[in-house]
2 protein chains.
Amino acid sequence: MIETKTMEYNEKQVQIIETAERLFSAKGFEGTSVRDIAQEAGINIAMISYYFGSKEKLIEAIFDYRISYTRLTMLGLLQDESLSPTIKIEKIIDSYINKMMSNQCFYRLMSQERAILEVHNITELIYDSKSKNMDMVKKIIHEGQRTGEFRKNVDVSLLMATLIGTSNHFTVSQEFYRRYNNMKEMPEEEFQKHLKKKLGNHLKSIFKALLTNEA
Amino acid sequence: MIETKTMEYNEKQVQIIETAERLFSAKGFEGTSVRDIAQEAGINIAMISYYFGSKEKLIEAIFDYRISYTRLTMLGLLQDESLSPTIKIEKIIDSYINKMMSNQCFYRLMSQERAILEVHNITELIYDSKSKNMDMVKKIIHEGQRTGEFRKNVDVSLLMATLIGTSNHFTVSQEFYRRYNNMKEMPEEEFQKHLKKKLGNHLKSIFKALLTNEA
DNA sequence: TAAAACTAAACAAACGTTTAATTAATTTTT
DNA sequence: AAAAATTAATTAAACGTTTGTTTAGTTTTA
């Protein structure tokens, strides 16, 4: 149905992709000009059309680049028979948070694109990726229901909305969090670790409460 | 600190504001031209500069218009002495979901702006509004901790991130939800009611699990 | 020496904003 | 109450920039 291109990109193309990703996430797709990108990446404007065809195709390349790169890591989890569903869910939460925290530009960009209705040709790519993630989590939860670890009547859509929505909002609002909690002085790296830990524990306790059987 | 303008807008200005809000939310701020807005609102392009000064000031007017309009409703809750903290929290959840579901364009636009770093002059306005919401919820939770309804060690920042993040993500991804769960045939109004109910129950059970003392 | 990588310059189209003129509404003066 | 004066609302056209893309030529690589 969806032709997943998953192109190979050369060094220069990756350089352009990562520069564009950073600028798009900071100023928005329409708010960033190809001249901005060219200047920031230290290349000629024409190279963007030369390598990608258009600005539109460039953002598609960004999503192609990041999504194909991201999917691989999660798949290994499912096969591992030695892990209990509870542990698998915990690992998925950690894995998602790690991906998001170390690719904040991309997730910021994805948040923007999600919120825009008349969207670029990446809608199908995102839909496809979301479906696969949803299917995977569903499988694990069904597994947990079979073993008796998890309760019946779990709404996976809302569970995923909570994982993704809470994580995104918390990350994107980190400057508010810093100001509101008077943490201006904390070094950036330490602050990021703090966010990760807080967020991880929070989501795990939510998932535990929603998944496990009442005592 | 922040001069909350809370201007009065005449009929024509409101018409422009609401048209712009709809277009901005659908195509993004930079993706929408003043000509788009003028055409859709059935007015001359120059009227936008005439009434608001610039496109930039127009989006500020949108946020001024919506945020000042929104804040009033929540405040009444706090004063009501007859309601228990538990009920108050439930009412806040319902109130937030209702506001969001009946102003989807505005919340979509706010999601976009939140995700963009180099943002417009509305940052302070949003920060101010968020702080006030946070303070209010904090107050209610402290009240619940005094009465013994709520446990100690509640992270209000993460609680709010879950309320706002989950709600936004669920709403913004409603088309995915429709497709993934084969609900294409359900009438729009019924579908919206369905989302509201699902989301409300979900968030209430999360808040209950995170706030109340373990049995 | 052919293909690939790269460049400066030019392209038309679209952008937000302003101008100058006209119509509509309101206030002031008779 | 009518006429005049003043302000507000509205318009079409033009403004100078900036936009994404292309061209035609040059340099580099294989």
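A polar contact is taken here as a pair of N or O atoms within 3.5 Å. In the predicted model, one such pair joins the side chain of Tyr51(A) to DNA strand C, where an N or O atom of that side chain is 3.1 Å from a phosphate oxygen.

Chain A is built from 10 helices and 0 strands, so that, by the DSSP runs used to define elements, its order from the N terminus reads α-α-α-α-α-α-α-α-α-α. The C-alpha trace of chain A spans about 65 × 50 × 30 Å along its principal axes.

Chain B superposes on chain A with an RMSD of 0.1 Å after a turn of 180° and a shift of 0.0 Å along the axis. The two copies are thus related as by a two-fold rotation axis. The residue of chain B that comes closest to this axis is Gly165(B), with its C-alpha at 2.1 Å. The same surface serves both copies, as 100% of the contact residues of chain B recur in chain A.

In the interface between the two chains, 46 residues of chain B are in contact with 46 residues of chain A. The area buried between them is about 4300 Å², and carbon and sulfur atoms give 64% of it. Between chain B and chain A, 4 salt bridges are counted. In one salt bridge, the side chains of Lys198(A) and Asp155(B) meet at 2.4 Å, N to O. Polar contacts between chain B and chain A involve 21 residue pairs, with both residues at pLDDT 80 or more. On the side of chain B that touches chain A, the elements giving two or more residues are helices H1 (11–27), H6 (104–115), H7 (123–147), H8 (156–172), H9 (174–180) and H10 (188–211) of chain B. Of these, H8(B) gives the most, with 11 residues. By class, this side of chain B has 19 nonpolar, 15 polar and 12 charged residues.

Around DNA strand C there are 16 residues, of which Tyr51(A), Val34(B), Arg35(B), Ser54(B) and Lys55(B) come nearest. Sugar and phosphate make up 51% of the atoms of DNA strand C that come within 4 Å of the protein. Besides the contact of Tyr51(A) with a phosphate oxygen, a backbone N or O atom of Val34(B) lies 2.9 Å from a phosphate oxygen of DNA strand C. For the side chain of Lys55(B), the separation between an N or O atom and a phosphate oxygen of this strand is 2.7 Å. Two or more residues of the surface near DNA strand C come from each of helix H3 (46–52) of chain A, helix H2 (34–41) of chain B and helix H3 (46–52) of chain B. H3(A) gives the most, with 4 residues. The surface near DNA strand C divides into 7 nonpolar, 5 polar and 4 charged residues.

DNA strand D is likewise surrounded by 16 residues, and Val34(A), Arg35(A), Ser54(A), Lys55(A) and Tyr50(B) come nearest. Sugar and phosphate account for 48% of the atoms of DNA strand D within 4 Å of the protein. Phosphate oxygens of DNA strand D are approached by a backbone N or O atom of Val34(A) at 2.9 Å and by a polar side-chain atom of Lys55(A) at 2.7 Å. A base is also contacted: an N or O atom in the side chain of Arg35(A) is 2.9 Å from a base nitrogen of DNA strand D. Helix H2 (34–41) and H3 of chain A, together with H3 of chain B, each supply at least two residues of the surface near DNA strand D. H3(B) gives the most to this surface, with 4 residues. Its residues divide into 7 nonpolar, 5 polar and 4 charged.

Notes. Residues are numbered from 1 along each chain as its sequence is written. Chains are lettered from A and ligands numbered from 1 in the order in which they are written. This is a predicted model: local features need pLDDT of at least 70, side-chain atom pairs count only at pLDDT 80 or more; totals for chains, interfaces and linings use all residues. Side-chain values use heavy atoms; hydrogens and water are left out. Copies are superposed by least squares on the C-alpha atoms of residues with pLDDT of at least 70 in both. Contact means heavy atoms within 4.5 Å. Buried area is the accessible area (1.4 Å probe) that two parts lose on being put together, summed over both. A polar contact is a pair of N or O atoms within 3.5 Å; within protein, one must be able to donate a hydrogen and the other to accept it, and residues adjacent in sequence count only if both atoms are side-chain atoms. Ala, Val, Leu, Ile, Met, Phe, Trp, Tyr, Cys and Pro count as nonpolar, Asp, Glu, Lys and Arg as charged, and the others, Gly among them, as polar. A residue is near a molecule or strand if one of its heavy atoms lies within 4 Å of it.
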